[in-house]
Amino acid sequence: MCIVETSGVSFTSFQLRGAAYQWWCAYELSSLDEAASLTWTQFSDMFLHEYVPQSFRDSWHVEFEQLRQGAMTGSEYAVHFSELDRHASPLVATVRDRVRRFIEGLHPSIRTSMARELEMDITYQQAVSLAKRVEGMFSREREEREAKRSRETDHYSGSCAPAARHGRGFVNRPIHSAPPAASGVPAPPSPHEPYYAPPVSSMPFV
């Protein structure tokens, strides 16, 4: 940011072509001393007023007023914030105003963690760096919780139910309708009852 403020005007004006180049030459000739001392913010404001329609600038102003982090990452939000805040200079007239506006637009969980910074005199870059660190911390905590939940799910899904145990001489019978009993032969048990096979010596002779 400091490089842009100190060298941005010289670098950008050197690349101007056509009507934009003629506009800048005319400005330099009419105000030699002022042109040499222009900051990047002053130069960009002048250029926007000269070549960007007012309707566009009004739209960007409204977009900046409504800007919130939402689903953006901290880095994406910071870039979008810097692109739009130049179109709403009265709202970010001081560093403190800019920092406050940036923090208030952060995701609620990050904004809550940075409540103390609203009362401190920190730079915009410090606010951006801190927001990214807080976001990274929350992201790691979320990943750890998800990994723990996944391990617990795998543990429970791998457990097997105990096998059915039967006493000696008991066998499972398939579940179907039992045929009518023959004379002198005991009817088989119902499907829901265990069947005990008697010793061979006690079986009746047919």
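**View 1. Y51 and its ring partner F47 in helix 4.** In this predicted model, Y51 counts as partly exposed, at 34% relative accessibility. F47 is also partly exposed, with a value of 27%. The two residues sit 4 apart in helix 4 (residues 40-51), which puts about one helical turn between them. By the ring-centre rule the count comes to 16 aromatic pairs. In the pair of F47 and Y51, the centres are 5.1 Å apart and the planes meet at 35°; that angle lies between the 30 and 60 degree limits, so the pair is tilted.

**View 2. A stacked pair, F81 and Y124.** Here the ring centres are 5.6 Å apart, with 20° between the planes. F81 belongs to helix 6 (residues 74-84) and Y124 to helix 9 (residues 124-157), so this pair ties together parts 43 residues apart in sequence. Both F81 and Y124 are buried. Look out for R98 as well: it lies over the face of Y124, 3.9 Å from the ring centre.

**View 3. W24 and an aromatic cluster.** Ring pairs link W23, W24, Y27, W40, F43, F47 and Y51 into a cluster. W24 is found in helix 2 (residues 18-30), and its relative accessible area is 4%, under the 20% limit, so W24 is buried. From W24 to F43 the C-alpha distance is 10.0 Å, across 19 residues of sequence.

**View 4. Stepping back to the protein chain.** The chain holds 9 helices and 2 strands, with the helices preceding the strands along the sequence. Of its 206 residues, 22% count as buried. The exposed surface is about 15,200 Å², and carbon and sulfur atoms supply 58% of it.

Methods: Residues are numbered from 1 along each chain as its sequence is written. This is a predicted model: local features need pLDDT of at least 70, side-chain atom pairs count only at pLDDT 80 or more; totals for chains, interfaces and linings use all residues. Side-chain values use heavy atoms; hydrogens and water are left out. Buried means under 20% relative accessible area, exposed over 50%, partly exposed in between (1.4 Å probe, protein chains only). Accessible areas come from the Shrake-Rupley method with a 1.4 Å probe; for residues, only the protein chains shown count as cover. Rings of Phe, Tyr and Trp (its six-membered ring) pair if their centres lie within 6.5 Å; planes under 30 degrees apart count as stacked, over 60 as edge-to-face and the rest as tilted. A charge sits over a ring if NZ of Lys or CZ of Arg is within 6 Å of the ring centre and within 35 degrees of the ring normal.
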